[in-house]
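Biologist: Please take a close look at one part of this model for me. I would like the helix packing, step by step, with the loops that join the helices.

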Amino acid sequence: MNNRIIFTGGPGSGKTSVIELLCNMGYKSVPEVGRKVIQSQVKSQGNALPWLDKTAFRDEMVLEEIKNYGNFDDTKITLYDRSIIDSYGYSKLECIPISELLLAKCDELDYYRKVFIFPPWEEIYENDTERKQDFSEAVATYHEMVSAYRKFGYDLIEIPKGSIKERAQFIVSKLNDVESDRLIT
């Protein structure tokens, strides 16, 4: 049974906050690679940044996603703050040619087939030092993620708007279904 659970959606939709609460409840998680790449590139004065070189940024994210996949096993439920499929969606959003490596890894790296997707939510959307998109770009990103995950055969579970705790409770109820699936298979 695959226990690699993906959380995706547009930026600023509340996924990381919910993942943090779930980690406090005992789940383990894999952090978002986009922020890691941005922080690393800023620190090293690199150019693989979404506002300087989108292709280089995407390529760095792909390499980090491959590392993340290899560094975490799926013996326990592990929550992924995005996945390799997000790099595909980002490529489509930014009209970046899809590399053979990215396409191959989207097919090869296997996650649980039900993905939690966070819809755009303007009331909680905020920019920060790594998130420079405006809300309309966040909405466009969401739609690209929906298309990307569907293209690769994933089922999407939309997270209802609510408090962080309410959203986490919704997810836990769905994760209980994952546990039930494991017992049956």
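Modeller: What follows goes through the helices in chain order, then the loops, then one buried site.

Keep in mind that this is a predicted model.

Start with H2. This helix covers residues 33–44, twelve in number. From first C-alpha to last, H2 reaches 16 Å. That is close to the 16 Å expected at 1.5 Å a residue. Which residues of H2 are buried? They are Val33, Gly34, Val37, Ile38 and Gln41. These five cover an arc of only 135 degrees around the axis, so they sit on the same side of H2. Their packing partner is helix H3, residues 54–71.

Now the H2 and H3 pair itself. The two axes come within 9 Å and cross at roughly 120 degrees. H2 and H3 are therefore oblique to each other. The crossing is right-handed. On the H2 side, the contact is made by Val33, Gly34, Lys36, Val37 and Ile38. On the H3 side, it is made by Phe57, Glu60, Met61, Glu64, Glu65 and Asn68. Val33, Gly34, Val37 and Ile38 thus appear twice: they are buried in H2, and they take part in the contact with H3.

H3 also packs against H4. Their axes come within 9 Å, and the crossing angle is roughly 165 degrees. The cut-off for roughly antiparallel is over 145 degrees. H3 and H4 are therefore roughly antiparallel to each other. H3 passes H4 in a left-handed crossing. H3 brings Lys54, Phe57, Arg58, Met61, Val62, Glu65 and Ile66 to this contact. H4 brings Ile84, Ser87, Tyr90 and Ser91. Look at Phe57, Met61 and Glu65 in H3. They help make the contact with H4, and they also help make the contact with H2.

Next comes H4 against H5. H4 spans residues 84–93 and H5 spans residues 100–108. They pack at an angle of about 140 degrees, with their axes 9 Å apart. That angle makes H4 oblique to H5. The crossing is left-handed. From H4, the contact uses Ile84, Ile85, Ser87, Tyr88 and Ser91. From H5, it uses Leu102, Leu103, Lys105 and Cys106. Ile84, Ser87 and Ser91 of H4 belong to this contact, and to the one with H3 as well.

How are the sides of H5 divided between buried and exposed? Leu102, Lys105 and Cys106 are buried. Seen down the axis, they fall within an arc of 105 degrees, so they line one face of the helix. On the other side of H5, Glu100, Asp107 and Glu108 are exposed. The cover over the buried residues of H5 includes H3 and H4. Leu102, Lys105 and Cys106 also help make the contact with H4.

Now the loops. Gln45 comes just after H2, in the loop between H2 and H3. Gln45 is not a glycine, yet its phi is positive, about 55 degrees. Its relative accessible area is 73%, so Gln45 is exposed. Trp51 lies in that loop between H2 and H3 too. Trp51 has a relative accessible area of 37%, so it is partly exposed. The C-alpha atoms of Trp51 and Arg4 are separated by 30 Å, and the two residues are 47 residues apart along the chain.

The loop between H4 and H5 holds Cys95. Cys95 also takes a positive phi of about 55 degrees, although it is not a glycine. At 70% relative accessibility, Cys95 counts as exposed.

One last site. Thr141 is in helix H6, residues 135–151. Its relative accessibility is 8%, so Thr141 counts as buried. What does Thr141 contact, leaving aside its neighbours within four places in sequence? The partners are Gly9, Gly10, Pro11 and Leu93.

To recap the packing: H2 and H3 are oblique, H3 and H4 are roughly antiparallel, and H4 is oblique to H5. As for handedness, H2 passes H3 in a right-handed crossing. H3 passes H4 in a left-handed crossing, and the crossing of H4 and H5 is left-handed.

Conventions: Residues are numbered from 1 along each chain as its sequence is written. This is a predicted model: local features need pLDDT of at least 70, side-chain atom pairs count only at pLDDT 80 or more; totals for chains, interfaces and linings use all residues. Side-chain values use heavy atoms; hydrogens and water are left out. Helices (H or I, at least four residues) and strands (E, at least two) are DSSP runs, numbered from the N terminus. The expected span of a helix is 1.5 Å times one less than its number of residues. Buried means under 20% relative accessible area, exposed over 50%, partly exposed in between (1.4 Å probe, protein chains only). The arc is that of the directions from the helix axis to the C-beta atoms. Contact means heavy atoms within 4.5 Å. Axes are lines fitted to C-alpha atoms, for helices over the stretch in contact, and angles run from 0 to 180 degrees between N-to-C directions. Angles under 35 degrees count as roughly parallel, over 145 as roughly antiparallel, 65 to 115 as roughly perpendicular and the rest as oblique. A crossing is left-handed if the near helix is turned anticlockwise from the far one by less than a right angle, and right-handed if clockwise.
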